[in-house]
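Colleague: Could you take me through one part of this model up close? I would like to hear how a pair of helices packs together, and which residues do the touching.

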Amino acid sequence: MKKNLIAALIGLAFAFPVSSYANHPNDTEAYRWNLQDLYQDRAAWDLDAKKLEAQFPQLLTCSGHLGDSLPKFKSCMDLYADIAKRYSRLSTYAAQFRDQDTGNNAGQDLAQTADILGSKFEEASSFIRPEVLNLGAKKIDGYLAKDKSLSIYRHPLNDILRGAKHTLDQKAEALIATFSMATGTASAVYSTLSNADMPWPKVKLSNGEEVVIDQAAYTKYRAVSNRADRKLVFDAFWGKWKEFERSYGVTFYEQLKRDSTYAKVRNYPDSLTHALDANNLPRAVYDTLISQTQANLPTLHRYFKLRARMLGVNDLRYYDIYPPLVSGDFKYSITEGVKYMLESVKPLGEDYTKAMTKATTERWMDVYPRARKRSGAYMTGAGYDVHPYILLNYNDDYESLSTLGHEWGHAMHSYLANKAQPFITADYPTFTAEIASTTNEVFLLDHMLKIAKSDDERLLYLGSALENLRGTFFRQAMFADFEREVHAKVDKGESLTGEGLSQIYGGILKRYHGDQEGIMKIDDVYATEWAYIPHFYTRFYVFQYATSIAAGSMFADEVLKGTPGARDNYLNILKTGGAAYPYQLVKQAGVDLASPAPYQAVFKRMNSIMDQIEGILAKKRQ
């Protein structure tokens with residue numbers, strides 16, 4: 001019933017990179033999250049896990065009896081909600097415990113145990129959807145009318161009824177749930193090969209340093225200032241993926257076939273429709289995103305021309321897209337970062353600012369990088385009765401500051417949704433999740449530009465925002481374009497090899513980067529990049545980053561302009577959580593993501609940033 005929660009918490013199929021940093025000098029207990037807010041220790045976790053397992057048989061006694069009476073229906077719904085909330089808390093602790101030290105076997109064991117509990121939960125609750133459908137809308141509406149306390153279940157129940165023609169009978173649903181642990185082979189093979197078994201190449205850089213170019217090293221060295229080194233790194237890294245093109249083609253094709261099969265089993269015309277229907281998203285959102293992006297590639301090409309000028313190169317190549325446009329010795333301690341972030345969100349009102357200010361003092365964050373800690377950054381708000389948790393790898397640079405604002409946008413979304421909603425409707429989909437984070441990024445940029453003390457500092461902020469638009473909007477839209485094409489081929493029964501996937505991706509990659517127009521040259525070996533993207537093993541996921549940054553930009557602009565009602569409309573999205581369908585919720589707040597308007601606003605914003613950069617550069621040349 002609460003399918004977003006189960007999908008999110010059963011565990012990612014992909015291995016994740018691990019920090020290789022030595023401990024930061026400020027990495028004290030005060031800058032680490034306090035997991036004891038969830039459970040005092042493993043013994044307390046085990047005790048709650050036993051309570052959860054004892055509830056599964058209780059839930060199964062509801063099977064076949066949801067329609068016996070109103071009291072029986074209510075008790076079963078309440079039992080399901082309590083189980084889901086308990087599992088959510090257990091899974092949150094397990095994931096956070098693992099991620100703070102991925103080399104600790106106890107953490108791996110805890111995470112695996114949580115995964116098993118999640119599968120048992122899915123099996124025990126698999127009867128609910130078909131049984132609710134069997135009861136029908138008339139009987140469900142009668143229950144809701146007679147007992148107002150059931151109103152918290154109205155949206156989830158209506159969502160089940162909406163999917164009547166795509167839900168199978170109880171036996172078939174139970175069978176699908178049983179197979180859920182056995183259908184992740186493709187992503188598991190991808191993960192193992194990419195993170196553990198790949199024989200990564202070694203290169204010798206211009207300074208004489210020899211480096212093994214694994215995924216972490218590629219991320220680091222693709223941005224070095226020496227252009228010859230960047231080419232060396234790109235050629236070695238993508239050359240290795242090219243060697244395994246055939247194998248990755250097999251794994252991804254298996255994933256595509258799995259997605260197509262599930263769409264057919266659930267009576268959908270294609271994989272894309274199946275994926276979008278999970279949150280009742282109209283197809284027009286996806287198609288409008290891609291059509292608008294394709295029509296506005298000249299904006300992206302303008303960016304590449306500007307990048308070439310700022311890097312001082314005449315023949316921009318694909319290995320030139322990662323070096324920072326602006327460098328400078330600008331440092332931001334976590335204390336300063338929190339201060340700037342809190343100042344930046346003042347347009348959202350006193351209540352929002354006061355709540356965030358208090359939260360930043362209560363050890364919701366694990367701040368600094370250290371050996372064996374999970375790398376990157378994320379927020380989880382699934383500990384409903386506790387508070388959100390944020391993982392950072394803060395390095396005192398502007399990217400870290402921007403990430404801080406991004407993740408706290410997520411955290412405040414969860415905080416407000418959990419405060420305003422019962423557990424069963426507090427969990428929100430990705431479609432709205434990234435809106436909260438990207439909106440806060442716009443607020444932060446606006447604030448930092450206002451307090452910048454020099455043109456060099458302004459260039460740093462503008463360049464970072466520009467690169468974020470390239471990477472979060474255009475790149476994710478390009479990925480979405482590729483996904484739509486390859487899924488459509490498999491849905492039609494066509495085969496795809498690794499070579500065929502590279503040809504499709506290479507064509508899209510070259511079109512987006514202006515290869516034919518002479519904007520940027522893309523070497524054919526780099527077309528194996530599709531094999532590197534783990535998100536492709538979660539069907540039609542990445543497009544939501546692009547739609548979110550479009551919506552977030554519009555909301556932030558309206559709030560900053562002081563448009564009447566804009567702030568309340570935006571905060572209502574956060575407080576609603578998952579109690580309404582995300583497309584309609586965003587549209588009611590003033591942004592229609594099935595129309596060209598929000599995407600046109602992105603292109604306008606990107607051009608405005610480039611105008612400001614070019615103005616500063618022109619002043620510097622005088």
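**How α2 packs with α4**

Modeller: Happy to! Please keep in mind that this is a predicted model. Let's look at helix α2, residues 42–60, and helix α4, residues 105–124, whose axes come within 10 Å and cross at roughly 15 degrees. Angles under 35 degrees count as roughly parallel, so α2 is roughly parallel to α4. The crossing of these two helices, α2 and α4, is left-handed.

Now for the residues. From α2, the contact takes in Arg42, Trp45, Ala49, Leu52, Glu53, Phe56, Leu59 and Leu60. Their partners in α4 are Ala106, Asp109, Leu110, Thr113, Ala114, Leu117, Lys120, Phe121 and Ala124. Sorted by character, the residues of this contact come to 12 nonpolar, 1 polar and 4 charged.

For a companion case, turn to helix α14 (residues 297–311) and helix α25 (residues 597–621). Their axes also come within 10 Å, and here the crossing is at roughly 25 degrees. That angle makes α14 roughly parallel to α25, and the crossing of α14 and α25 is left-handed. On the α14 side you will find Thr299, Arg302, Tyr303, Leu306, Arg309 and Met310. They meet residues of α25 including Phe603, Met606, Met610, Ile613 and Leu617, along with Asn607, Asp611 and Glu614. The contact of α14 with α25 divides into 8 nonpolar, 2 polar and 4 charged residues.

Notes. Residues are numbered from 1 along each chain as its sequence is written. This is a predicted model: local features need pLDDT of at least 70, side-chain atom pairs count only at pLDDT 80 or more; totals for chains, interfaces and linings use all residues. Side-chain values use heavy atoms; hydrogens and water are left out. Axes are lines fitted to C-alpha atoms, for helices over the stretch in contact, and angles run from 0 to 180 degrees between N-to-C directions. Helices (H or I, at least four residues) and strands (E, at least two) are DSSP runs, numbered from the N terminus. Angles under 35 degrees count as roughly parallel, over 145 as roughly antiparallel, 65 to 115 as roughly perpendicular and the rest as oblique. A crossing is left-handed if the near helix is turned anticlockwise from the far one by less than a right angle, and right-handed if clockwise. Contact means heavy atoms within 4.5 Å. Ala, Val, Leu, Ile, Met, Phe, Trp, Tyr, Cys and Pro count as nonpolar, Asp, Glu, Lys and Arg as charged, and the others, Gly among them, as polar.
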